[in-house]
Amino acid sequence: MKRIVVALGGNAILTDDPSAQAQQAALLRTANYLTDFIAQGDIQLVITHGNGPQVGNLLLQELAGSSESNPAMPLDTVGAMTQGEIGLWLANALDMKADERQLPVKIMTMLTRTVVDEHDKAFQNPSKPIGVFYQENEVNEVKKEHPDWQLVEDAGRGFRRVVPSPKPLSIMEADAIKSLVEKGMTLIAAGGGGVPVIKSGEEIRGVEAVIDKDFSAAKLAELVDADQLIILTAVKYVAINYHKPSQRDLHQVKVAEMKQFLSENQFAPGSMKPKVEAAISFVEKSNKPAVITSLDNISSYLKNGDGTIILPD
């Protein structure tokens, strides 16, 4: 069996309608694409996903209803809540679509904790966008309501809150994940990058941070000895000179060339850059390929290898 780790982007879960019903409908469509992998007959999937919008929205709900007798939960706990809700919806959707296509599959969602370094520089430089987009004329009011928040412009789409995004060191459930994958389980794990925790002696404590799901996907792929890492996003190809007359879509690219593009600042921070960095990390550690493409391009990728494929040097 070929083992593939698939990292789902936010567009696979959240549409313009943030209701539970709309998100479950979006995941049902996503599951339809994912079962294309399973239908090949020789592919085992390990799936991870983002949760930034869901974390931000739940935090706002918690803050709006917070009181002394019913206080809002901290960010790591909210991350666990959203990891659970998305994992539930995705497992249900995959089971339904697999049943429709009479595909034999065993699906499980695992709540996952990711160990980070308490001295990671990310804690002094918050960079991970979470929650809803605010327009420029709303920023001052938001800052008044939440003076401890940092807001930055996100890829020209508006302003969002940013929180620390430390790099993953390890996954606490590593042994359990390996065992389940070896038994052929289709596993949903490390959702939202996993719940960030710091280990200090015998103490384990959650921290106010969100781990980039693409970096945790690379760590997960390394952990399960994946044959391939596929990062799904909103575009079919990674491109250089993006949105310029000289834009060029990338198809098959070696690691050294991708590193050169990174050094030229070709990829937007908080958008394509972490995906490229995570893909490079996996390729260098495993000597196996990574793919970046769109959810709706899965069928074309499976048939024709269509997408951006990053190869070892």
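**Helices, strands and a few residues in a predicted model**

Colleague: How do helix 6 and helix 8 run relative to each other?

Modeller: Happy to start there, and please keep in mind that this is a predicted model. The axes of helix 6 (residues 213-223) and helix 8 come within 8 Å, with a crossing angle of roughly 15°. Angles under 35 degrees count as roughly parallel. Helix 6 and helix 8 are therefore roughly parallel.

Colleague: What is the handedness of the crossing where helix 6 passes helix 8, and how do the residues of their contact divide into nonpolar, polar and charged?

Modeller: Helix 6 passes helix 8 in a right-handed crossing. On the helix 6 side the contact involves K213, D214, F215, A218, K219, A221 and E222, and these meet P274, K275, E277, A278, F282 and K285 of helix 8. Sorted by type, the residues of this contact are 6 nonpolar, no polar and 7 charged.

Colleague: Is K275 buried or exposed?

Modeller: K275 sits in helix 8 (residues 272-286). Beyond its neighbours within four places in sequence, K275 is in contact with K213, D214, I231, T233 and I292. Its relative accessible area is 11%, and the cut-off for a buried residue is under 20%. K275 is therefore buried.

Colleague: Now for another pair: how are helix 1 and helix 3 oriented to each other?

Modeller: Helix 1 covers residues 20-39 and helix 3 covers residues 75-100, and their axes come within 8 Å. These axes cross at roughly 50°, an angle that falls outside the ranges for roughly parallel, antiparallel and perpendicular. Helix 1 and helix 3 are therefore oblique.

Colleague: Which residues in helix 3 do those in helix 1 meet?

Modeller: The crossing of these two helices, helix 1 and helix 3, is right-handed. Helix 1 brings A20, Q23, Q24, L27, L28, A31, N32, L34 and T35 to the contact, and their counterparts in helix 3 are I86, W89, L90, A93, L94, M96, K97 and A98.

Colleague: And how many residues of the contact of helix 1 with helix 3 are nonpolar, polar and charged?

Modeller: The split covers the residues of both helices in this contact. It comes to 12 nonpolar, 4 polar and 1 charged.

Colleague: Let's turn to the strands. What is the order of the open sheet of 4 strands?

Modeller: The pairing in this sheet is mixed. Its edge strands, each paired on one side only, are strand 8 (170-171) and strand 11 (203-206). The order is 8-4-10-11.

Colleague: Which residue stands opposite R113 in strand 10?

Modeller: Strand 4 (residues 113-115) pairs with strand 10 (residues 195-200) in the parallel sense, over 3 bridges. The residue of strand 10 that stands opposite R113 is V195.

Colleague: What angle does the direction of helix 3 make with that of strand 10?

Modeller: Helix 3 packs on the sheet, where it touches strand 10 and strand 11. Its direction and that of strand 10 make an angle of about 130°.

Colleague: Do strand 16 and strand 17 run parallel or antiparallel?

Modeller: Strand 17 (residues 308-311) is joined to strand 15 (residues 252-254) by 3 bridges, and that pair runs parallel. In that pair, K254 has L311 as its bridge partner. Strand 16 (residues 290-294) is also joined to strand 17 by 3 bridges, with V291 and I309 as bridge partners. The direction of strand 16 and strand 17 is antiparallel.

Colleague: How far apart are the C-alpha atoms of L59 and V78?

Modeller: L59 lies in helix 2 (residues 52-64) and is buried, with a relative accessible area of 8%. Apart from residues up to four places away in sequence, L59 touches M73, L75, V78, I130 and R161. L59 and V78 are 19 residues apart along the chain, while their C-alpha atoms are separated by 7.0 Å.

Colleague: What is the phi of Q102?

Modeller: Most residues other than glycine have a negative phi. Q102, in the loop between helix 3 and strand 3 (107-109), is exposed at 71% relative accessibility. Although Q102 is not a glycine, its phi is positive, at about 50°.

Colleague: And what is the phi of N287?

Modeller: N287 is placed in the loop between helix 8 and strand 16. With a relative accessible area of 56%, N287 is exposed. N287 is not a glycine, yet it has a positive phi of about 60°.

Key:
Residues numbered from 1 in each chain as written. Predicted model: local features only at pLDDT ≥ 70, side-chain atom pairs only at ≥ 80, totals over all residues. Heavy atoms only, no water. Axes fitted to C-alpha atoms, helices over the stretch in contact; angles between N-to-C directions. Parallel < 35°, antiparallel > 145°, perpendicular 65-115°, else oblique. Left-handed = near helix turned anticlockwise from the far one by under 90°. Contact = heavy atoms within 4.5 Å. Nonpolar A, V, L, I, M, F, W, Y, C, P; charged D, E, K, R; others polar. Pairing = 2+ DSSP bridges. Buried < 20%, exposed > 50% of the residue type's maximum accessible area, 1.4 Å probe, protein only.
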